[in-house]
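Me: I should like to study this protein model through a series of questions. Please show the sequence and the structure, and then explain each term as it arises.

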Amino acid sequence: MSSSDRPLPPPLPAIDDGLPLHALLSPGGAPLGLSAETLPLVPEDEDPLQALVAELRNYQHELELQNEVLNYSQAVAESASERFETLFASIPLPLLVLDEFDMVVQANAMAHRAFQPTEKDRLLVNFKPFVHESDTQRVAMAFEQAKATGRAEVHEVLFQINEQYELCGDLHISGVAVHQQNGPATWQYLCAVVNQGPLLAERKTLQERNQQLHTSERRLESVINSSLDAIICVDQRQHITVFNPTAAALFLCSPQDALGSPLDRFLPDATQALAFASLTTQAVLGEMTGMTVTGREIPVEVSVSFEHHSSGDTTTIFARDLTSRKRADAQRNALETQLRESHKMQAVGTMAGGIAHDFNNIVGAILGNVELAKADSAGNPAAMESLREIEKAGRRARDLVRQILTFSRNDKPERRPVQVQEVMSDTARLLRVTLPPFIGLQLLEPDNLPPLMADPTQVEQALFNLCNNAMQAIGNQRDIIQMQAMRIAPDSYQCERLGLPVAEYLAFIVQDSGPGMDAVTQRRIFEPFFTTKPVGQGTGLGLSVVHGVMRTHGGAVDVHSELGQGSCFTLYFPLSDRHDADVDFAEPIAAKPVALPAEPLEPSGSRHVMYVDDDQALVFLFQRLLRRRGYQVSGFTDPHEAMEALQDAPSRYDLIVTDYNMPGFSGVDLLKQALQINPQLPIALASGYVTAEIEQAAIAAGAKALIHKPNDVQDFCTTVHELLNP
């Protein structure tokens with residue numbers, strides 16, 4: 001059958017131009033160009049050629065439609081590719097596309113800037129050579145995981161860009177299998193590097209800050225725990241949150257017990273001040289009273305700090321213990337008072353010594369002239385009676401001067417070993433003569449007390465004055481005076497208060513239950529001439545003499561008295577070492593008094609005496625006295641004139657009697673100059689203030705005798721006679 005005989009196909013149905021392209025391309029849609037219900041356009045009984053032409057036209061139309069679909073798909077693909085390229089290039093992360101042979105297929109600008117900062121750096125051809133050797137294994141395992149699962153992550157990978165620069169970042173990998181028309185599929189990897197440098201730097205900074213904060217907290221904790229002040233922190237409810245060891249020691253409470261307790265448990269007065277927290281950040285509350293767990297009150301100095309923060313307010317209380325400061329202040333006040341009293345007593349003693357020196361001369365002139373007047377009034381009984389009364393008053397004045405000198409002088413006493421029981425017994429024997437019958441004397445004499453290196457006369461005088469003072473304080477009431485001795489070792493505070501070195505002392509205690517004394521009286525009782533007795537009943541020198549005796553012995557006197565509770569005096573004598581008992585104290589050079597006849601032993605004018613004294617009354621007295629006994633006397637009130645007279649006639653004088661203390665010229669200086677003029681001339685020094693130093697200096701200078709002023713006329717004449725007749 002020829003082609004002309006072949007029947008033509010039926011004509012293609014018409015294509016609905018109104019169908020959308022995606023409907024034509026839909027897999028579930030009708031065949032391209034035909035509707036599901038479209039019937040052939042050419043009936044089967046028509047011309048086959050016409051049917052073939054119609055079919056070809058339909059195929060042509062179908063091809064045109066497919067061409068349009070392909071053009072549209074190509075446009076869509078090109079648009080998607082452009083969007084991918086734009087997105088790939090604009091993402092602010094280094095992005096790389098690698099093949100399975102580690103070749104960089106594609107890399108965005110960020111990747112080039114990160115891995116090839118300069119032209120001199122290594123080319124971005126392969127990726128793994130940039131990985132630091134320490135992270136090579138981790139990165140290789142990540143690529144294997146991406147190939148197996150499609151994605152993988154590696155954190156904090158270090159990339160060695162060049163010798164000076166390293167990049168640290170997180171590596172994110174996505175694996176994609178690319179199918180090939182001929183052959184198996186190949187793998188490509190999309191790699192994104194998230195630079196962790198800034199984050200790591202920030203994290204490092206945060207870690208350093210945390211470390212610094214931790215160190216600061218430890219340092220703060222150390223400061224709080226080692227602080228010498230009690231530190232207490234409280235919350236808004238004033239409950240304790242911090243209680244350092246000093247606070248635990250101050251309030252006698254463990255931190256475990258104190259935490260959570262209210263603040264007023266320890267500082268009841270501080271709670272009221274916390275109301276000012278909103279007005280200030282810190283405040284000094286000053287001195288307050290704290291309470292320990294046992295209920296004991298303690299003085300504290302309190303300051304407060306307020307901290308305001310978002311989590312709440314915190315209050316820190318600083319409490320400083322004032323117990324030691326108050327004790328130190330009390331000690332300092334006591335020492336200052338003692339120093340003032342010592343300076344005052346020293347000034348009073350110096351003044352008393354000067355007054356006594358001048359008064360000595362007055363008393364000496366009175367007593368000497370009384371002796372002369374008695375000799376001139378032997379036949380006048382009335383005058384003799386008056387002269388004896390004058391002499392009695394003069395001797396009382398002389399004894400008073402000696403008490404003043406005992407108080408004022410600082411010379412060392414003539415010490416020797418003294419038995420304590422013997423001193424107390426001798427003092428008691430003297431006291432019982434004057435004690436009223438309604439006042440008893442009780443002696444407490446412990447055994448085995450060591451001997452005391454002291455001047456027994458001065459010790460007895462001190463004890464006698466204390467007991468006599470107690471007797472006068474008791475008055476007409478029935479009472480007992482206690483006198484006891486003991487060996488005692490005062491504590492350091494007591495020694496510091498009394499100005500004594502820390503050592504053992506022998507203490508004499510005299511106690512009475514009289515009316516006692518107030519603080520004002522106690523501060524003045526050792527002042528000379530201070531007395532609480534009525535006029536005419538006391539000289540005010542008894543306790544002053546006691547003070548002088550203790551000072552010369554290197555000890556101290558302490559008094560404790562309260563109004564209505566009596567008084568207690570304690571004398572602290574230092575216990576000397578054994579070698580002190582061997583000290584030999586020189587005895588004063590003085591001639592023993594002997595009875596001399598009223599007439600001189602040698603013819604008148606045979607002996608010439610020079611008398612030098614700055615007091616004209618004494619010079620006149622001793623001139624008259626010695627002339628009556630047949631001596632030639634030259635009196636001088638100026639020591640310079642006396643030396644000029646001796647220089648003019650060195651052999652004229654047989655004896656020089658000079659005062660020790662003269663204005664601008666010492667008796668020792670006069671002695672030395674006189675011996676330079678006449679080395680064989682005997683010289684005697686006269687003074688009412690003879691100390692061990694004066695005595696040693698006089699002996700060393702060549703003095704033959706020391707004469708105490710005021711002295712009896714007979715004693716003075718005896719000394720002159722012995723010096724002129726050795």
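Reply: A salt bridge is a side-chain nitrogen of Lys or Arg within 4 Å of a carboxyl oxygen of Asp or Glu. The model is predicted, so local features need pLDDT of at least 70 and side-chain atom pairs count only at pLDDT 80 or more, while totals for chains, interfaces and linings use all residues. Residues are numbered from 1 along each chain as its sequence is written, and side-chain values use heavy atoms, with hydrogens and water left out.

Me: With which residue does Glu391 form a salt bridge?
Reply: Glu391 lies in helix H9 (residues 381-408), and its partner lies in helix H8, so the pair ties together parts that are 17 residues apart in sequence. Helices here are DSSP runs (H or I, at least four residues), as strands are (E, at least two), numbered from the N terminus. The closest N and O atoms are 3.1 Å apart, and the partner is Lys374.

Me: Is Arg628, which meets Asp376 in a salt bridge, buried, partly exposed or exposed?
Reply: Arg628 lies in helix H15 (residues 616-628) and Asp376 in helix H8, so this pair ties together parts that are 252 residues apart in sequence. Buried means under 20% relative accessible area, exposed over 50%, and partly exposed in between (1.4 Å probe, protein chains only). With a relative accessible area of 34%, Arg628 is partly exposed.

Me: Which helix gives the largest share of the largest nonpolar core?
Reply: A nonpolar core is a set of buried Ala, Val, Leu, Ile, Met, Phe, Trp, Tyr and Cys residues joined through side-chain atoms within 4.5 Å. The largest one has 38 residues, and Val459, Leu463, Ile481, Phe508, Phe569 and Leu571 touch the most other members. The largest share, eight residues, comes from residues 456-474, which form helix H11.

Me: How many residues does the second, separate core have?
Reply: This core includes Leu98, Ala114, Leu167 and Tyr189. In soluble globular proteins, nonpolar side chains tend to be buried together. The number of residues in this second core is 26.

Me: How many disulfides does the structure hold?
Reply: A disulfide is a pair of cysteine sulfur atoms within 2.5 Å. Cys191 is buried, with a relative accessible area of 0%, and Cys467 counts as buried at 1%. The number of disulfides in the structure is zero.
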